[in-house]
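Work through these three exercises with the model open beside you. Try each task before you read its solution.

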Amino acid sequence: MPETTDSAAHAPKPVQHTGVPVLQARNLVKHYPGRGGRIGHRSAAVRAVDGVDLALAERSTLGLVGESGCGKSTLVRLLMALERPTAGEVLLDGEELLALPTTERRRRRRGIQMVMQDPYGSLDPRMTAEQLVREPLDIHRDPADARARSRKAHEAMELVGLDPAHAGRRAHQFSGGQRQRLGIARALVLRPRVLVCDEPVSALDVSVQAQVVNLLRDLQREFGLTLVFIAHDLAVVRQLADEVAVMYLGRIVEHTDRDTLFEHPAHPYTRALLSSVPDPDPRRRGRGSRLVLAGDPPSPSNPPGGCPFHTRCWKTRETCRTETPAPAPRTGTHDSLVACHFPEA
Ligand SMILES: Nc1ncnc2c1ncn2[C@@H]1O[C@H](COP(=O)(O)OP(=O)(O)OP(=O)(O)O)[C@@H](O)[C@H]1O
Ligand SMILES: [Mg+2]
């Protein structure tokens, strides 16, 4: 596929929550047993994901953001049914994957594939490009004819902008950006409907990040993929996402369409996150006060009561210390949710 060169922000698709969502999380919780602690004593559980509700419409692109340790990777592992939740459920096309019989679950799971963060560590260096891309087809023996599987692997290489003439090269002979393309080809070769990317470009040189972001965007459009991606870099989120969910201490504190999020953030935490990066638009730079997020987030094994953000929020009042705000529709919108007692107007 020809690579697009325009890296300007695209017009996001409107957030749609009609019909059965492709992917849905209902009151999803994942607690890990506490580590460390004194011998004979178990320390408090790590509340990695602590009550997440999420519904993704077909063909939507969701960006997940939040500070390190807020539970983003755990949430996507749960969405992929790679881990069992402590409570709550994940539905693919309205059905709970983990409740299905094994063969049926395997079949459905093909519809949701993942691209890993680290293109250096996640690909076996002894395997050739063709073997790497073909492996998911080999595992499923689909198609039964090995030559047909190779052909499909070559097609997937082409789709991601790799020359199938290089199919015999090994992973280490490719550059970082090319390796991430191999990772994407491997995920796409099964023709999934949902693609989940955990920081797909953060291990890459800045110069190749935009190319991989553009590739993901093109593939999302061409195949009508539902895309979920994690990104630390808000510029990447701005380029790729239609909607954004902001996580803090295992919860989604704001979920809205991209433009609303960047232009009118409602949650104080979102405001703080955004103000920590300079506005790319020089006309807006310097406008408004810059907020500084002081300190680290509290430990997810000992989160504060009430609103999880109250210990770092400049708007905290008594209610925030005692009552946990539930995500609620933002005034004047259908689709924006914010979990805050005193959101921005
Ligand atoms: N398998 C595990 N066992 C125990 N604790 C875990 C496990 N996986 C994650 N955690 C803990 O759960 C919390 C959330 O971790 P997670 O990796 O989901 O965060 P993240 O938002 O992806 O962070 P980062 O941006 O650094 O990748 C962290 O406190 C982490 O230490
Ligand atoms: Mg992570």
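The exercises cover strands, a ligand site and a pocket.

This is a predicted model, where local features need pLDDT of at least 70, side-chain atom pairs count only at pLDDT 80 or more, and totals for chains, interfaces and linings use all residues. Residues are numbered from 1 along each chain as its sequence is written, chains are lettered from A and ligands numbered from 1 in the order in which they are written, and side-chain values use heavy atoms, with hydrogens and water left out.

**Exercise 1. Find the strands that pair with β4, and give the sense of each pairing.**

Step 1. Fix the terms. Strands are DSSP runs of E with at least two residues, and helices are runs of H or I with at least four, numbered from the N terminus. Two strands pair if DSSP finds at least two bridges between them.

Step 2. Take β1 (residues 23-32). It pairs with β4 (residues 87-92) in the antiparallel sense over 5 bridges. Ala 25 stands opposite Val 90 in β4.

Step 3. Turn to β5 (residues 95-96). It runs antiparallel to β4, joined by 2 bridges. Leu 92 has Glu 95 in β5 as its bridge partner.

Step 4. Look at the turn. β4 and β5 form a hairpin with 2 residues between them, and Asp 93 there has a positive phi of about 50 degrees.

**Exercise 2. Describe the shell around ligand 1 by class and by element.**

Step 1. List the neighbours. A residue is near the ligand if one of its heavy atoms lies within 4 Å of it. The ligand has 16 surrounding residues, and Ser 68, Gly 69, Lys 72, Ser 73 and Thr 74 are the closest.

Step 2. Sort them. The shell holds 5 nonpolar, 6 polar and 5 charged residues. Here Ala, Val, Leu, Ile, Met, Phe, Trp, Tyr, Cys and Pro count as nonpolar, Asp, Glu, Lys and Arg as charged, and the others, Gly among them, as polar.

Step 3. Assign elements. β2 (46-56) and α1 (72-79) each supply at least two residues. The largest share, 4 residues, comes from α1.

Step 4. Check atom distances. An oxygen atom of the ligand is 2.5 Å from a side-chain N or O atom of Thr 74. A nitrogen atom of ligand 1 is 3.4 Å from a side-chain N or O atom of Arg 77.

**Exercise 3. Which element gives the largest share of the lining of the second largest pocket?**

Step 1. List the candidates. α2 (102-109), β6 (112-115), α3 (129-140) and α5 (176-188) give two or more residues each.

Step 2. Pick the largest share. α5 supplies it, with 5 residues.

Terms used:
A polar contact is a pair of N or O atoms within 3.5 Å; within protein, one must be able to donate a hydrogen and the other to accept it, and residues adjacent in sequence count only if both atoms are side-chain atoms.
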